[in-house]
Each structure stands twice: as C-alpha cells, then as structure tokens.
Amino acid sequence: MSVPDQQRPADDLPSVRPAVIPAPVHLEPRPGAFAVRQGVRVVTGTDPAAVAVAVLVAGRIGQVCGCQVAIVEHDAGGPGAMVFELVPEQDLDLPPGLTAELGEEAYRLEVGPDRVGVRATTAAGLTRAAVTLEQLAAPGADGWELAACSVLDHPRFAWRGLSLDVARHFRPLDEVMVLLDLMADLKLNVLHLHLTDDQGWRLDLASRPQLVARSGGTAVGGDPGGWYSAADWSQLCTYAATRQIAVVPEVDVPGHVNAALHALGELCPDGEPTAEYTGIEVGFSRLHAALPATGAFLRDVFGEVATMTPGRWVHLGGDEVLTMGRAEYVELVRAAAGHLAAAGKSVVAWQEAALALPDGGAPGSTVLQYWDVREGAQEVLAAVERGARVLLSPAGRVYLDMKPDASSPLGLEWAGHVEVRDAYDWEPLDVLPGLPAQAVIGVEAALWSETVRSLDDALWLLLPRLAAVAEVAWSPAGRDWPGFAERLAEQPRLWDLDGLPYYRSPQVPWRD
Ligand code: TNX
C-alpha cells in the first residue's frame, strides 16, 4: 500500500505501510497516524503481567522511535496514550472455533491519531501486539509515527520454534539473548536448544560435573567451546519467559553422544573414555543398554534437566542412530521418555523415535519433530494414531543451516539450497500426506551449527529466512510471495538498528 504525500521528501516515505511480519489475520489501514513524541506513554493498569509487557514495549518503541516513552498505571487517556489492557475472552470477540491455546496469544490493536488501544486475554497476547506496534513505526514529517490501523490477530499454530545447535558451536548467554529478542520480534514462541552432541556438552549438571569439565570446552574444528552453568540456564529461561518464549532443552540420546562418552568412561564397553570428536560426521556414537552406568546416566541426566526446565517440554533427540539394533534403540528411548514423564514433562523427539513413542501417556503429550521427508513417514503417521502430535521441520524449507545459494560462504547443502522463497512458499499441511491438521502442533526452523562460528554467522543464516518461517507458522494459510517480499524489504530498518547482519537475497526488492 503506498501513501503519497507531497509534504515529505520521497525517500523519507516508506512505500509499503504497514509492513508487519508475520502478516496479521486481519489488518485494516485507517487514515492518519499516531505520533510518537514527547508525552507518549504506555498505560498499563496494575496487573504485574501487563506492567512487565509495558516495560518492554516502552523501551523498544522508545529505541525504535528515538524518544522517551513513559509508563503509567492510570491515565485519563488524552492524546499520546498507548493503553494496554488484559480483558476477559468474551471482550476480545475472537473467531469461533479458535482453540484456547491459540486464543491465549490473540490480540486486538486499534491505532488512531490520538490513542493506541491494545487488548488481549494474557500477557502473551499483549506481547505479540507490542511487536506489531513496533513494526508499524515509520518516520513521518514531524518525527516517528505509528500507521493508524485496526488489527485482529492470533497465531495459526501453537508451536512456532527455532532450534539452535549450541553443541557443534557454542553460543554464550548474551548471544542467545540477542536471538531471543529476534524471535520475539517475529512472534516465535519456542527456543529449542540442542545442548549435547558428539562435539560438546553445553549444560552443567550437578549429577555429572565431568560432562562439562571434560566435554564443555570442545567444538567443531577445534574452535572454542563453552557451557551454561545452572545460573546461566535459569537466566536464559527467565529472559525467554519475559518475551513469552518457552525454552525446550534437548539432550540427544541414544546416538550423538560422543561428548558424554568422552567425559564418562563408564558409558563405554571397555570402560575407557572415547577421544574427543571435532569433525562433522553423524551417526557413529551410541549408548549401550547393557551397561549398568547407562541406566543411571539417563535417570540422572533427564531427571535433572527436567527439574531445571520451567516449561512443559523436554527433547530427548533420538535421531540418526546408525549403529544400533531396533530393540536396543526402543529400550533406550523409552527409558529416557519414562524419566521425563516421571518428572512431569512431555516428550519431544526427532521423527526416528516414532517407532518407540508414544509409549502410553495422554494423547497429544508426545511431539515428534519431522525433518527428513525422505523416510519414516509411515512410522510417524502410525505414532499419530497412537496420540502423537507432529512438529514440522522439513529440511528443504526450514533448515536454515542450508546455504541459500551455491555462492553462500556459510552453510551445508545436503537438503539443497534454501532461498527465502523456499522458506516461505510452502504449506505445512502438505508436508506429510495423510497427517490430520489437528495433529500438527506447529513449525520449527533449525540452525545446525557445523559451519556457524559466530553470532554474526548465525544471524546471516537466519535473516531474512527466519521471518519467512515465522509467517508460515503464525499467519493464515495461503501464501502471498510478492506481498511478503515487499514487507520483508522494509525490515532492515529494524535489523540495522539492532546491528543484525542479514543475507541480501536477490529475491527481495531491498530499498537501498
Ligand atoms: C541432520 S536433523 C541432523 C543434524 C545435523 C544436520 C545438519 C537431525 C535430527 N540431525 O545432526 O547437524 O542434519 O543439517
């Protein structure tokens, strides 16, 4: 939508307004704009949840628009008020049939020349609305303004994730926080951390201090490692929760375990720790069900990780175990899942675990992450019959560690090149034929880190493709590639402000 305006220099004028990503369910532009200037304030009421959101909103709008935004509990609502309200569900007038899970993140937003009104039933809804507001900001003739509009919005899928591999290359806490901010800006709500693999162990556990002591410092290619202490972990979960993002830790078993075997000789048949591994092959390492230490390891590790995790879900891995018979695989996966269930957690696992899971439990309490469309579809569909739900991560669409094109300096290529349009132009319900819509819990992008050696590397692979995946996960079915590309072209303003590097895909009509 272009807004001609004779009074402003043309290059000041954003030609696409509003450029909201992911696209809201319903957005109706209105005439005028809300000026963000001296006297602007967020009105929160006294609910601590709303106050917490207001603190983030005021800071962010203030940063984007370069202006102080005050926070007040109550206010007569004169010009310049941005009123955030928690309301009962019936006041939101949501579409009929919307599940409670999705309704929690729904919001209504009215931006007029004098007032911004935001309503939601939970702090999560207010948080999602805040991001929309931030994306409405654009420079106007007399300073920054928010394009006037009326929005009703809610997610399509409950689980909108990013899986981050901190095992092949470690990312310290402050860098993960940058990624959490980026996720929040795209209305993503699950950070899945792949904490253990052949090359490193990244979470300190009181029950097995040797894990990080011996395997925390290693990484692919001999690069520096690192790990999260219990205090780091708690801080990370809190930072995420403030942005309404759940953290799902993954301890990958029964394969991808060389870091554990290197730290704990008792997990190896000859009692000798394995050598450290800094290559990028997969599938060679394994636990041994027959060793007594294995059962104790699974019990202690999954018990402790469950206790440390505030959220509902813990991921047990289960992928690419190429050197183990089926019976032993099933035994080990079920043991890990049992410890999680006993600790009150629900299980997430890669699709390979479909032959072992779900193993009892309430319907819907096991999630299988579907990544490899080349095999395993029947096993996943059978697990769905037994009550599993499916998280869609088709590698050819959402593995953002794939190179965007052949000239890319970073990334792998085994699932092909994933350009922005590949990450955008696909329909989740078509990924696994025969999968019922209600069994799909959501969509998750993945950033494996074999080639990712810095935060900037990670961001360059994530942007802009993570925005594409976020729209697939949040916005209603039916893609509009030209419209999306236009809106995407507006985003570098925010990314530049935050100092985030991005891939300048030739598919996107960038502004400069
Ligand atoms: C496959 S996807 C893996 C990872 C690799 C990734 C590289 C999955 C469950 N396993 O171990 O890092 O490919 O793209």
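Where is the place of P358? I looked this residue up at the start and found P358 in the loop between β13 and β14. I note here that the model is predicted.

**Entry: cis peptide bonds**

I then examined the peptide bond that precedes this proline. The bond from L357 to P358 is cis, and its omega is near -10°. A cis bond also runs from V253 to P254, where omega is near 0°. I located P254 in the loop between β11 (246-253) and α7 (258-263). I recorded these bonds because most peptide bonds are trans.

**Entry: positive phi values**

Which residue in the loop between β11 and α7 did I look up next? It was H256, which is found in that loop. Phi of H256 is near 55°, a positive value in a residue other than glycine. I checked its exposure as well: H256 has 1% relative accessibility and counts as buried.

I also looked up D93, whose phi is near 55° and thus positive in a residue other than glycine. D93 is found in the loop between β4 (81-86) and α2 (100-103). Is D93 buried or exposed? D93 is exposed, its relative accessible area being 55%. I entered both phi values because most residues other than glycine have a negative phi.

**Entry: the barrel**

I turned to the strands and helices. The chain has 16 helices and 16 strands. Eight of the strands close into a barrel, and I read their order as β9-β10-β11-β12-β13-β14-β15-β16, with parallel pairing. On average, neighbouring strands of this sheet are turned by 30° against each other, direction ignored.

I followed one pairing in detail. Strand β9 (residues 159-165) pairs with strand β10 (residues 190-194) in the parallel sense, over five bridges. For G161, the bridge partner in β10 is V190. Which helix packs on the sheet and touches β9 and β10? It is α4 (residues 173-185), and its direction makes about 145° with that of β10.

**Entry: strand β14**

I next asked how strand β14 sits among its neighbours. Four bridges join strand β13 (residues 346-350) to β14, and the two run parallel. Within that pairing, A349 has L368 of β14 as its bridge partner. On to strand β15 (residues 389-392), β14 is joined by four bridges, again with the strands running parallel. Here Q369 stands opposite L391 in β15.

How many of the five residues of β14 (residues 366-370) are buried? Five of the five are buried, so the strand is largely enclosed by the rest of the structure. In a regular strand the side chains alternate between the two faces of the sheet. I therefore checked each face of β14 separately and found both covered, given that buried means under 20% relative accessible area. On one side T366, L368 and Y370 are buried, and on the other V367 and Q369 are buried.

**Entry: aromatic pairs**

I counted the aromatic pairs, and the total is 16. Y424 and F484 form a stacked pair, with 4.2 Å centre to centre and 10° between the planes. Y424 lies in helix α12 (residues 420-424) and F484 in helix α15 (residues 481-488), so this pair ties together parts that are 60 residues apart in sequence. Both Y424 and F484 are buried.

I looked at Y502 and W510 as well. They form a tilted pair at 5.1 Å centre to centre, with 50° between the planes. Y502 is buried, as is W510. I also noted one aromatic cluster, formed by W350, W371, Y399, W414 and W448.

**Entry: the chain as a whole**

I closed with the overall values. A compact globule of 512 residues would have a radius of gyration near 24 Å, and the 23 Å of the chain agrees with this. Along its principal axes the C-alpha trace spans about 80 × 50 × 45 Å. Of the 512 residues, 60% count as buried. The accessible surface comes to about 18,900 Å², and 53% of this belongs to carbon and sulfur atoms. Finally, I looked at contacts between residues at least 6 apart in sequence: 75% of them join residues at least 24 apart.

Methods: Residues numbered from 1 in each chain as written. Predicted model: local features only at pLDDT ≥ 70, side-chain atom pairs only at ≥ 80, totals over all residues. Heavy atoms only, no water. Pairing = 2+ DSSP bridges. Axes fitted to C-alpha atoms, helices over the stretch in contact; angles between N-to-C directions. Contact = heavy atoms within 4.5 Å. Rg over C-alpha atoms; globule rule 2.2 N^0.38 Å. Buried < 20%, exposed > 50% of the residue type's maximum accessible area, 1.4 Å probe, protein only. Areas by Shrake-Rupley, 256 points an atom, 1.4 Å probe, with all protein chains shown as cover. Phe/Tyr/Trp six-rings, centres within 6.5 Å; stacked < 30°, edge-to-face > 60°.
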